[in-house]
Amino acid sequence: MSLLSLTRRETVLGLLSGAATIAAAPALAQQAEWRQSYDAGARNAVARSSTPMLSPEALQATEQAIAAYRDLAARGGWPQVQLPERMAVGSKGPGVVALRRRLIVTGDLDAAAGDSSVYDSYVEAGVRRFQSRVGLSTTGTINRATIVALNVPIDRRIRQLETNVVRLRSWSGNLGGRYVVANIPAAMVETVENGHVATRHAAGVGKIDRQSPLLQTKIPEINFNPTWTVPASIIRKDLIPKMRKEPSYLTENKIRIISPSGGEISPASVNWNSDEATRYTFRQDPGGDFNSLGFVRINIPSPHGVYMHDTPSKGIFGDDFRFVSSGCMRVQNVRDYVAWLLKNTPGWDRAKIDETIQSGQRVNVRIADPVACYWVYITAWATPDGGVQFRDDIYNKDGLGPAPVAALQGDQDI
């Protein structure tokens, strides 16, 4: 075993060993991946890994995490915690003690923080770190989703890691000098350059019944201020029912109906109680404030007819559950993303991008060096500098049963 491998294994084992015994906890905590200093900065930020999820380093760290979790399971794993559904700084009681102990087990809280029954800034920082590792909003407060994630059994976490390390191995080759990875269960996009994450973006991906596909392609073109042609599936599933309830919907959202001959027809002339509408084309005018594609569409050649795009509904990016689309992918901070895609395309710096968007004119730009793009499905991985990450298996591709946190969304329209 190389010195590098030994160091990584010790690091991951240290992350998980904090609660092995009370006596050993302080020393083991020194090996944890987060060297914690409980000051104001720790309360407001969570360290983000610069190691790409699809990389030899992440693969090796994940292999070491499997060994660490198996070791932890052999020593009893972690306890189930019974907590109030609302806890924050200032809360007091035995639940806080139980929470501290649970966070120490996985290295999210330094054992030196002690067994106080007060929810202080130490606990808040530990909760933030845990939330970051399971893809929840890093509020530092306890809610139902955080409790459910804390109580996912270690056996399930081990099976997730074992399943996903196989996927990671399949992506461990050379993916290119510049590439994009969209991890569907994480609803997250990474841009990678020279072996490091350049930018990271929250995403909105396909609903459970309209899943975003796995694909491998290249991004050749950016469309600024695009129109949106409504896909046939959305016409049938969404648009027709919507028009039955809200006859003014198309007009209010600037969606035109185009007949097979190319002429525009009035919504009032369509029989919405039949399938007549499926014979027409529905096209939404450009406009980042209302167009479903926002200001930008990123073309991705594939047999699935999907692509990446902006959205006027920016609020979704603050949600824990971002499985909201019909298969395409909405990208947060899309201007930064597009600027990275176009960085080697002459004449397309950030100022030019902003100017083009502001103009409202439809402009198509070919990328000088089309960027490799991978849509993947990874629900568990580790990085040497970022801890062990888990996400809900929203499409049940791991075969472990319903996704725990997503089950909380049952009463919502997903």
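Is Arg-101 buried, partly exposed or exposed? At 47% relative accessibility, Arg-101 counts as partly exposed. The views below come from a predicted model.

**View 1. Asp-115 and Arg-101 form a salt bridge.** The closest N and O atoms of the two residues are 3.2 Å apart. Arg-101 sits in helix H5 (94-105), and Asp-115 in the loop between helix H5 and helix H6 (121-133). The partners are 14 residues apart. Asp-115 has a relative accessible area of 41%, so Asp-115 is partly exposed. Arg-101 falls in that class too, at 47%.

**View 2. Asp-108 pairs with Arg-133 in a salt bridge.** Here the closest N and O atoms lie 2.8 Å apart. Asp-108 belongs to the loop between H5 and H6, and Arg-133 to helix H6, so the pair ties together parts that are 25 residues apart in sequence. Asp-108 is buried, with 0% relative accessible area. Arg-133 is also buried, at 2%.

**View 3. A salt bridge joins Asp-238 to Arg-210.** The closest N and O atoms are separated by 2.6 Å. Asp-238 lies in helix H9 (residues 232-245). Arg-210 lies in the loop between strand E3 (196-206) and strand E4 (215-224). The pair therefore ties together parts that are 28 residues apart in sequence. Asp-238 is partly exposed, with a relative accessible area of 29%. Arg-210, at 13%, counts as buried.

**View 4. Four charged residues are linked in a network of salt bridges.** The members are Arg-178, Glu-193, Lys-343 and Asp-369. Across the model, the count comes to 21 salt bridges. Two of the network members, Arg-178 and Asp-369, also touch Leu-341.

**View 5. Leu-341 is one of the best-connected members of the largest nonpolar core.** This core has 57 residues. Those touching the most other members are Phe-224, Trp-272, Phe-282, Ile-298, Met-308, Leu-341 and Trp-375. Setting aside residues up to four places away in sequence, Leu-341 touches Arg-178, Val-180, Ile-219, Ile-222, Ile-298, Ile-367, Asp-369 and Val-371. A second, separate core holds 52 residues, including Leu-83, Val-181, Val-192 and Val-388.

**View 6. Phe-224 and Trp-348 form a stacked aromatic pair.** The count for the model comes to 7 aromatic pairs. In this one, the ring centres are 5.4 Å apart, with 10° between the planes. Phe-224 lies in strand E4 and Trp-348 in the loop between helix H11 (334-341) and helix H12 (350-359), so the pair ties together parts that are 124 residues apart in sequence. Both residues are buried.

**View 7. Tyr-377 and Tyr-395 are stacked.** Their ring centres lie 5.8 Å apart. Their planes meet at 25°, so the pair counts as stacked. Tyr-377 is in the loop between strand E13 (363-376) and strand E14 (380-383). Tyr-395 is in the segment after strand E15 (387-390). The two residues are 18 residues apart. Both are buried.

**View 8. Phe-390 takes part in a ring cluster and carries a charge over its face.** Ring pairs link Phe-390 with Tyr-69 and Trp-78. Arg-157 lies over the face of Phe-390, at 4.5 Å from the ring centre.

**View 9. Arg-297 lies over the face of Tyr-307.** The distance from the ring centre is 3.9 Å.

Note on methods
Residues are numbered from 1 along each chain as its sequence is written. This is a predicted model: local features need pLDDT of at least 70, side-chain atom pairs count only at pLDDT 80 or more; totals for chains, interfaces and linings use all residues. Side-chain values use heavy atoms; hydrogens and water are left out. A nonpolar core is a set of buried Ala, Val, Leu, Ile, Met, Phe, Trp, Tyr and Cys residues joined through side-chain atoms within 4.5 Å. Buried means under 20% relative accessible area, exposed over 50%, partly exposed in between (1.4 Å probe, protein chains only). Contact means heavy atoms within 4.5 Å. A salt bridge is a side-chain nitrogen of Lys or Arg within 4 Å of a carboxyl oxygen of Asp or Glu. Helices (H or I, at least four residues) and strands (E, at least two) are DSSP runs, numbered from the N terminus. Rings of Phe, Tyr and Trp (its six-membered ring) pair if their centres lie within 6.5 Å; planes under 30 degrees apart count as stacked, over 60 as edge-to-face and the rest as tilted. A charge sits over a ring if NZ of Lys or CZ of Arg is within 6 Å of the ring centre and within 35 degrees of the ring normal.
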